[in-house]
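The following exercises concern the chains, domains and side-chain contacts of one structure. Each task is followed by a solution that proceeds step by step.

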Amino acid sequence: MRTTGQDQQRHRTLLQRIHVDLPLLIGIVCLMILGLFVVYSAGGQELDIVIRQSIRLGIALVVMLVVAQIPPMSYQKWAVPMFVLGLMLLVSVLLFGHIGKGAQRWLDLGFMKFQPSEIMKLIVPITIAWYVSQYDLPAKISNIIIAFILVLMPTLLIAKQPDLGTSLLIACSGIFVIFLAGASWKLIGVCVGLASGFAPILWFFLMETYQKQRVLTFLNPEQDPLGSGYHIIQSKIAIGSGGIHGKGWLQGTQSQLEFLPERHTDFIFAVFSEEFGLIGVSVLFAVYLAIVIRGLYIAINAQQAFTKLLAGSLTLTFFVYVFVNIGMVSGLLPVVGVPLPLVSYGGTSMVTLMAGFGMIMAISTNKRVHA
Amino acid sequence: MSARKRISIKNHTAEANLFARRAFISFIGILIMLLILFSNIYSLEVNSYDKYQTKSNSNRIKLLPVAPNRGLIFDRNGVLLAENKPIYSLEVIPEDVKNIQEKLTEVGQLLDISAEKQEKVLKSIRSKRRFKPVEIHSRLSDQQVATFSVNQHKFPGFFIDARLKRYYPFGDLTTHSIGYVARINQRDNIKLEDQGKADNYAATRNIGKLGLEKYYEDVLHGTIGHQEVEINNQGRIIRTLSFNPPVPGKDITLSLDIELQMVAKRALSGKRGSIVIMDPRNGEILAMYSNPSYDGNLFVHGISSKNYNKLRNSKDLPFINRSTQGLFPPASTIKPLIALTGLEEKMITPEYEIFDPGFYQLKGVKTKRRDWKKWGHGKVNLTKSLEESCNVYYYDLAFRLGITRISNMMEKFGFGEYSGLDIHEERSGTMPSVEWKRAKYNQQWYTGETLSVGIGQSYWTVTPIQLVNAITILVNKGEVKIPHLLKSTTETTNIIIDNKKSVSTVTKDVVYEDKPPIIIQDPKNWDLVLDALHNTVQKYGATGYNAFKGTTYDAAGKTGSAQVANIKQDEKYDAETTQENQRDNAMFISFAPYESPEIVVAVAIENVAKGGGASNAAPVARQMMDQYFGDRVIISKDPSRHPHHTKVYGEKNVSNHK
């Protein structure tokens, strides 16, 4: 096995040797460059903010490259200890966490602040994929139930922080693994039923007032146009007034005159649509779709069930980011704090996301090694 | 290791197929979700584009109203009577100042602003948006403006703002005619709203509250302009998009002569009364002054309650415009009109004579009505009745005419009706009649009251403007002019020709059409009465003779002294003033030059210390005429009619005198 691997290594291109999947990289870099332009426009046209974002992107790319060098099968060894450690960190966040913006998400390590929920975005799919792939697929019901419990633990801990957006994404990443592992449709039906039964419990026992307010605002933003409905109303105005061609780069009045809230972070899509219009949106969607297609292609072509499930889950979760963010900004979903992946200004979630892409690239370039 | 083993025995193909299927289903799901997102954005950006485009614009574009400059007011000779004077206020934009408290103390020391005031400013700074200017001092003196300007570099964020404020340079001299503007209040707002003018007043602070300022509000105000600006989410102005300048109000020129006004004020000083001067040729009011007056400037920026109460509680009632609101019994001044009525109704002829024993007694009535001359005027005809102001002649004439014929004729001369003068502050007075008394008191008319009406007393009250108007009709022999203060309007417009700005001014004289004239059966009767009035001033011993001795112009007139006499105002009985209030009112009407009259003067003075119209009001009229004619010498075509005018006619003409 080892010799074959070494033989093949000689025939591989430089990119393959450094474990980079070129199509995926092109898609990612496209979004990053696009993002820099929009961040410049949304951030008050200050170069400073663009430079800071560029540094973050650079770090994120390095993280991606580093992660890509790790053989994917080795994640399995670390799955259980990482998962346990992750849970412990989440508990300690609840106990000693640093409060920021009304939620306990951060753990102050002294030299840096650290958000354990971010790594859980990676640990949960790894753990579930590891657990499910130990057995034959399609997974048995008993395994699926255990997998569900594994997903639920970090999800609830994060929801309690409260950070509904992240807990939702983490739940998704786990559920996607279960789905891809072939959970029967019957079971899926039952789960959907249970979830709808769970919704009232969520509403009455788990959700904080501000979260309920967001949902209510989502249902009827005009009810409180200057209060909590303001974000959504202004965001829809920004998107709608962009029209087909957009108002032009740096010309978006909603964003330049600061009517739009959270312009360079969560609501950056509204800035983008206002300035680049439906044409710009189409291009953006095409790039996202291309990345998703490439991700699924890598997953399908992965050699092991574990890597298939992991790559598939990471790709689908990436799309959930896109869907939730754009859905929220355009008024289809309630406002939850999810950035537009690879475009929004901000560091932590970007690094996690790129680490995920690093894993997908590792899976893409390491398949023959372990075949 | 056990896990490894299990993987190796797994069915890889089946697993791969299952995964591919699931991945494909996921992909379909992704496509559907992307489609949902896309169609939602399509509907926002394409279907609802217009709606959101409008919303986006209304977010960022604000129309800022720009107030037009109020039209100026000039007197007939171009003297400025109402102007817009810049006032300077010191303001600060808090966000431009680093240490606001320290800088405020510094500027306070520099300009002598009290610590108390500074504290107030600090408070209002905290409550306002940081980029909105806060007023520190509302009215800087020229000295303060200069001091600050020199030191401005030390105070970034502080600046001087200039605003225009209405100012009446002649103060109390013009208040009763021009009135004043003051801050728009709730009631004004409702009225503007009702009249659909609210939009035009969006940027206007003051509105005409009294006098001409109120009457010609629409002329003086102008049309609002708009500045279209782009603002951000905090309302800060980012830039101006377009500017549609306001159209300034029209300047107006009045018929008033401010010099005559000054003389009027001097002539009435220490007295309560009114002088109205009208040009009988066109109805222009040359002077209209009511004493005491007050300074309209006090009201422009809001009068203090102390000042207001002082004026309000003054026994002299300065708020009353006696020229148009003062109700005086006309007394003997209307005898010429009664005489005209008698001639017209053929009750008297110029030759008709009565014997005046000093009193008049109705048949079967014990009461004797005494003439002002105890021993009587003896034989009295028309001319003498006016020259000497014989009451008995008019008791007799009034008795024979009856109230109805008198009041019918007097109504034609405008008594009991608004004069039509272009200010709103006017009272109509009362021209009593049988119907009037029945309607008002539900009482019958008594003959005794007719006698009183014959000498301008009883219920009859007139305003000086009515009096001057009625005498003007007499002077014009029936022509009825509309008394007015507005002479012309001037519109200033900026014209841009070949990118060069120029100003065009268009002055339009206001045309006042005469009212239907009073036609009498025998026009000679006008001359008979006017002649008698001439004699009243020109003939030695007549009531107006003394006052007009030695004028260089040829005047005619009639005196009047009203007995009961206090202008009717809703004032309380006050023991202290009662005595004074019971004194006579002095009245005088006059016109000159006799042959081609240029001015008609009415004078009314309340509660004179002693004497009547001849000694109190006539000299005032003389002062006014002296001012009006100045050095002019008006030579009559028929000097024989002017027995004592040596000055006028010179030595050459003296020999011609009878």
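A residue counts as buried under 20% relative accessible area, as exposed over 50%, and as partly exposed in between. The model examined here is predicted.

**Exercise 1. Classify both partners of the salt bridge between Glu449(B) and Lys437(B), and locate them in the chain.**

Step 1. The side chains of Glu449(B) and Lys437(B) meet with an N to O distance of 2.9 Å. The criterion for a salt bridge is a nitrogen of Lys or Arg within 4 Å of a carboxyl oxygen of Asp or Glu.

Step 2. Glu449(B) belongs to helix α19 (residues 447–454) of chain B, and Lys437(B) to helix α18 (residues 434–441) of chain B; the two residues are twelve residues apart.

Step 3. Both Glu449(B) and Lys437(B) are buried.

**Exercise 2. Determine which parts of chain B are tied together by Lys539(B) and Glu387(B), and classify each partner.**

Step 1. The closest N and O atoms of Lys539(B) and Glu387(B) are 3.1 Å apart, and the pair forms a salt bridge.

Step 2. Lys539(B) is placed in the loop between α21 (524–538) and β21 (556–562) of chain B, whereas Glu387(B) is in helix α16 (residues 382–387) of chain B; the pair therefore ties together parts that are 152 residues apart in sequence.

Step 3. Lys539(B) has 40% relative accessibility and so counts as partly exposed. Glu387(B), at 5% relative accessibility, counts as buried.

**Exercise 3. Classify Glu479(B) and Lys481(B) by accessibility, then name the members of a salt-bridge network in chain B.**

Step 1. A salt bridge of 3.2 Å, N to O, joins the side chains of Glu479(B) and Lys481(B).

Step 2. Glu479(B) is partly exposed because its relative accessibility is 37%; Lys481(B) is buried, its relative accessible area being 10%.

Step 3. Arg70(B), Arg166(B), Glu213(B) and Glu217(B) form one network, joined by salt bridges that share partners.

Step 4. Over all chains, the search of the whole structure finds 28 salt bridges.

**Exercise 4. Describe the contact between domain 1 and domain 3 of chain B.**

Step 1. Chain B is divided into domain 1 (61–86 + 166–257 + 297–318 + 487–514), domain 2 (94–156) and domain 3 (320–480 + 516–654).

Step 2. The contact between domain 1 and domain 3 of chain B takes 15 residues from domain 1 and 16 residues from domain 3. The centres of these two domains, taken over C-alpha atoms, are separated by 40 Å.

Step 3. About 1200 Å² is buried between domain 1 and domain 3 of chain B, with 50% of this area on carbon and sulfur atoms. The count of salt bridges between the two domains is zero.

**Exercise 5. Characterise the interface of chain B and chain A.**

Step 1. The size of an interface is often given as the accessible area lost when the parts come together.

Step 2. Chain B and chain A bury about 4300 Å² between them, and 72% of this area is on carbon and sulfur atoms. On the chain B side, Phe19(B), Arg22(B) and Glu45(B) lose the most area to chain A, together 18% of what that side buries.

Step 3. In terms of contacts, 40 residues of chain B meet 56 residues of chain A. The rule finds zero salt bridges across this interface.

**Exercise 6. Locate Met88(A) and decide whether Met88(A) is buried or exposed.**

Step 1. Chain A has 15 helices and three strands, and Met88(A) lies in helix α5 (residues 75–96).

Step 2. With a relative accessible area of 53%, Met88(A) is exposed.

Step 3. Met88(A) joins Trp78(A), Val80(A), Met82(A), Val84(A) and Leu85(A) in a nonpolar surface patch of about 580 Å².

Conventions: Residues are numbered from 1 along each chain as its sequence is written. Chains are lettered from A and ligands numbered from 1 in the order in which they are written. This is a predicted model: local features need pLDDT of at least 70, side-chain atom pairs count only at pLDDT 80 or more; totals for chains, interfaces and linings use all residues. Side-chain values use heavy atoms; hydrogens and water are left out. Patches are made of residues with over 30% relative accessible area and no salt bridge: like charges are joined within 9 Å, nonpolar side chains (Val, Leu, Ile, Met, Phe, Trp, Tyr) within 5 Å. Accessible areas come from the Shrake-Rupley method with a 1.4 Å probe; for residues, only the protein chains shown count as cover. Helices (H or I, at least four residues) and strands (E, at least two) are DSSP runs, numbered from the N terminus. Buried means under 20% relative accessible area, exposed over 50%, partly exposed in between (1.4 Å probe, protein chains only). Domain bounds come from an automatic or database domain assignment. Contact means heavy atoms within 4.5 Å. Buried area is the accessible area (1.4 Å probe) that two parts lose on being put together, summed over both.
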